[in-house]
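Please look over the structure below before reading the notes. The briefing then goes through its main features by topic.

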Amino acid sequence: MNASSNMEHRKSRAAFPQAERSTAEAARAGRSPELHQERAVQTRLQVLEAAATLFDERGYAGTSIKNVAEQVGMTKGAVYFHYPTKEALTIAVVEAHYARWPSLLKASQSKGLGSLDTLIDLLDQTAVAFQNDPIVRGGARLQMEQPLPPGTLPTPYVGWIDLLRQLLTEAQEAGELRAGIRPEAAAHTLLATFFGTQHISARLDRRSELVQRWSDSRDLVFYALRA
């Protein structure tokens, strides 16, 4: 078997499950119009990032459409054109937050690593995203607050648990896990370690030291996991 086919054989096939929420609640919150012109798309992204930054800094209750408009130098009417309600803007930030993860997973899988190293690479990328990406940061705070009616936003963490279990199961099948490790239990422990680290860093230093804090935690956890 040549090197390229061996790399393909080792690549992880794990995938994030589709985030679910109530379609009725989503419709009730309102949807922004579908726009495809480049300028409109860029404006919408600018509004989204400004809102995410404010949600991260002030929370849902402390952020208004007026605040978002002032942040981007627009009128409230212009913001409402793209996002007709504050609820719609909230949903859009959280959906954009979730949309980050499949692309990061794909980037990690494209490196042809074993499943355990794919998992490490993914979580390393995720730590960087939590430290630097306003969409990820704002979406994370909204997910912690769950400010909208139940079912409007996806339930946090369940998709991550499923993905980690898939990757750890692949690693076990490839002989990469230490004997006696149960992928389901390890997935929950790893999830708590990563998101606990990012949450504590968010509270103590606005995630400015998250990448280093995660690196320290990662080395300990994966020392215990790896065969």
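The points below cover an internal cavity, the nonpolar cores, one helix and one loop residue. The model is predicted. A search of the whole structure finds 1 cavity of 30 Å³ or more, and the largest nonpolar core has 35 residues.

**The cavity**

- Rolling a probe the size of a water molecule over the atoms shows where empty space is left.
- The volume of the largest cavity is about 140 Å³.
- Its lining is made up of H97, Y98, W101, F130, A140, Q143, M144, P156, Y157, W160, F195 and Q198.
- Helix 6 (86-109), helix 8 (134-145) and helix 10 (183-205) are the elements that give two or more residues to this lining.
- By type, the lining residues of the largest cavity comprise 9 nonpolar, 3 polar and no charged.

**The nonpolar cores**

- In soluble globular proteins, nonpolar side chains tend to be buried together.
- Within the largest nonpolar core, of 35 residues, W160 and F222 have the most contacts.
- At least two residues of this core come from each of helix 6, helix 7 (115-132), helix 8, helix 9 (158-173), helix 10 and helix 11 (210-225).
- Helix 7 gives the most, with 8 residues.
- W160 also appears in the lining of the largest cavity.
- Leaving aside residues up to four places away in sequence, W160 touches F16, W101, L122, L123, T126, L191 and F195.
- A second core, separate from this one, has 24 residues, among them V47, I91, A96 and L148.

**Helix 3**

- Helix 3 covers residues 38-58 and has 21 residues, which at 1.5 Å a residue should span 30 Å.
- The C-alpha atoms at its ends are 30 Å apart, so the model agrees with the expected span.
- Which residues of helix 3 are buried? They are A40, T43, R44, V47, L48, A50, A51, A52, L54, F55 and D56.
- An α-helix has 3.6 residues a turn, so residues three or four places apart point the same way.
- The cover over the buried residues of helix 3 includes helix 4 (65-72), helix 5 (76-82), helix 6 and helix 8.
- G59, just after helix 3, takes a positive phi of about 80 degrees.

**The loop at L113**

- L113 lies in the loop between helix 6 and helix 7.
- Is L113 buried or partly exposed? L113 is partly exposed, because its relative accessible area is 27% and buried means under 20%.
- L113 and S12 are 101 residues apart along the chain, and their C-alpha atoms are separated by 7.8 Å.

Key. Residues are numbered from 1 along each chain as its sequence is written. This is a predicted model: local features need pLDDT of at least 70, side-chain atom pairs count only at pLDDT 80 or more; totals for chains, interfaces and linings use all residues. Side-chain values use heavy atoms; hydrogens and water are left out. On a 1 Å grid over the protein atoms alone, a cavity is a set of points where a 1.4 Å probe fits but cannot get out, and a pocket is an open set with protein on both sides within 12 Å along at least five of seven lines; lining residues have an atom within 4 Å of a point. Grid points are joined across faces, edges and corners, and a volume is the space filled by probe spheres set on the points. Helices (H or I, at least four residues) and strands (E, at least two) are DSSP runs, numbered from the N terminus. Ala, Val, Leu, Ile, Met, Phe, Trp, Tyr, Cys and Pro count as nonpolar, Asp, Glu, Lys and Arg as charged, and the others, Gly among them, as polar. A nonpolar core is a set of buried Ala, Val, Leu, Ile, Met, Phe, Trp, Tyr and Cys residues joined through side-chain atoms within 4.5 Å. Buried means under 20% relative accessible area, exposed over 50%, partly exposed in between (1.4 Å probe, protein chains only). Contact means heavy atoms within 4.5 Å. The expected span of a helix is 1.5 Å times one less than its number of residues.
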